[in-house]
Amino acid sequence: MANCIFCKIIAGEIPAVKIYEDDLVLAFLDIGPINFGHTLVIPKEHHESSATIPEATAGRMFHIGARIGVALRREFDWDAFNLHLADGAAAGQVVMHAHLHVVPRGVEDGFHWNWRQKQYGDGEAAALAERLTKRLATALEREPEA
Ligand code: 5GP
Ligand code: ZN
């Protein structure tokens, strides 16, 4: 897609430090890493949302992302890794070509997700689950939509 930075990287019009490439996905180093080795795995086809990526490609993204995480851990002695995907601006997506972050993590790397924990009231979780389950069932019968 025109004016998409990541499509330009795929096309070779913008340089990137490539880590892995096959027919479906490309992995390259993030230009502003949380930790060194922070890698992005992207579908070669332009998709803004993760929800429209075909299952085979989405599966490959996750598989390759996890394998890169393990390779980072083994080669550079990281303790762990995060797989992270921001879908939509409100979720923190800045580049509108879907991408999976592979972030190598160390016990004392000083980075925190600042996870907050809300609490469901009585019956709220069950009521939410009923609505979500119905909506998902309907959605899965149709073509994916963002
Ligand atoms: P988002 O916030 O959309 O999940 O993450 C976008 C990521 O893409 C950021 O971590 C940013 O550092 C990275 N990024 C943005 N532009 C470029 C670029 O031109 N080259 C590379 N390698 N990474 C980029
Ligand atoms: Zn794109």
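This passage walks through a predicted model, from its zinc site to its strands, cores and a loop.

The zinc ion (ligand 2) is a handy place to start. Its protein donors are two cysteines, Cys4 and Cys7, each through SG, plus two histidines, His46 and His97, each through ND1. These atoms lie 2.0 to 2.3 Å from the ion. The angles among the 4 donor atoms run from 104 to 116°, and the site is tetrahedral. Along the chain, the donors follow the spacing C-x2-C-x38-H-x50-H. As for the cysteines, Cys4 and Cys7 are both buried.

Next come the aromatic rings, where the structure holds 2 aromatic pairs. One of them brings Phe6 together with Phe28, with 5.3 Å from centre to centre and 80° between the planes, an edge-to-face arrangement. This pair ties together distant parts of the chain: Phe6 sits in helix H1 (residues 5–10) and Phe28 in strand S2 (residues 25–29), 22 residues apart. Both Phe6 and Phe28 are buried. Phe111 and Trp113 also pair up, and because their planes stand at 80°, with ring centres 5.2 Å apart, this pair is edge-to-face. What about the cover around these two rings: is Phe111 buried or partly exposed? Its relative accessible area is 25%, so Phe111 is partly exposed. Buried would call for under 20%. Trp113 has a relative accessibility of 34%, so Trp113 counts as partly exposed too.

Strand S3 (residues 39–43) is mostly covered, with 5 of its 5 residues buried. Thr39, Val41 and Pro43 point one way from the strand, while Leu40 and Ile42 point the other way, and all are buried. S3 has strand partners as well. S2 and S3 run antiparallel and are joined by 5 bridges, and Leu26 has Ile42 as its bridge partner in S3. S3 also pairs with strand S5 (residues 100–105), again in the antiparallel sense, over 3 bridges. Here Val41 stands opposite Leu100 in S5.

Val41 and Leu100 turn up again in the largest nonpolar core, which is made up of 11 residues in all. The rest of the set is Val25, Ala27, Ile53, Met61, Ile64, Ile68, Leu72, Ala98 and Val102. Which elements each supply at least two residues of this core? They are S2, helix H2 (55–76) and S5. H2 gives the most, with 4 residues. A closer look at one member, Ile53, shows what it touches once residues up to four places away in sequence are set aside: Pro43, His47, Ala58, Met61 and Ala98. Apart from this core lies another, of 9 residues, including Cys4, Phe28, Ile42 and Val95. Some of those names are familiar by now: Cys4 is one of the zinc donors, Phe28 belongs to an aromatic pair, and Ile42 is the bridge partner of Leu26.

Finally, there is a glycine to place. Where does Gly121 lie? Gly121 is found in the loop between S5 and helix H3 (124–141). Its relative accessibility is 32%, so Gly121 counts as partly exposed. The C-alpha atoms of Gly121 and Ser49 are separated by 32 Å, and these residues are 72 residues apart along the chain.

Definitions and conventions:
Residues numbered from 1 in each chain as written. Chains lettered and ligands numbered in written order. Predicted model: local features only at pLDDT ≥ 70, side-chain atom pairs only at ≥ 80, totals over all residues. Heavy atoms only, no water. Donors = N, O, S within 2.8 Å, 3.2 Å for Na, K, Ca; no water. Tetrahedral: all angles 85-135°; square planar, octahedral: opposite > 155°, others 65-115°. Buried < 20%, exposed > 50% of the residue type's maximum accessible area, 1.4 Å probe, protein only. Phe/Tyr/Trp six-rings, centres within 6.5 Å; stacked < 30°, edge-to-face > 60°. Pairing = 2+ DSSP bridges. Core = buried A, V, L, I, M, F, W, Y, C linked by side-chain atoms within 4.5 Å. Contact = heavy atoms within 4.5 Å.
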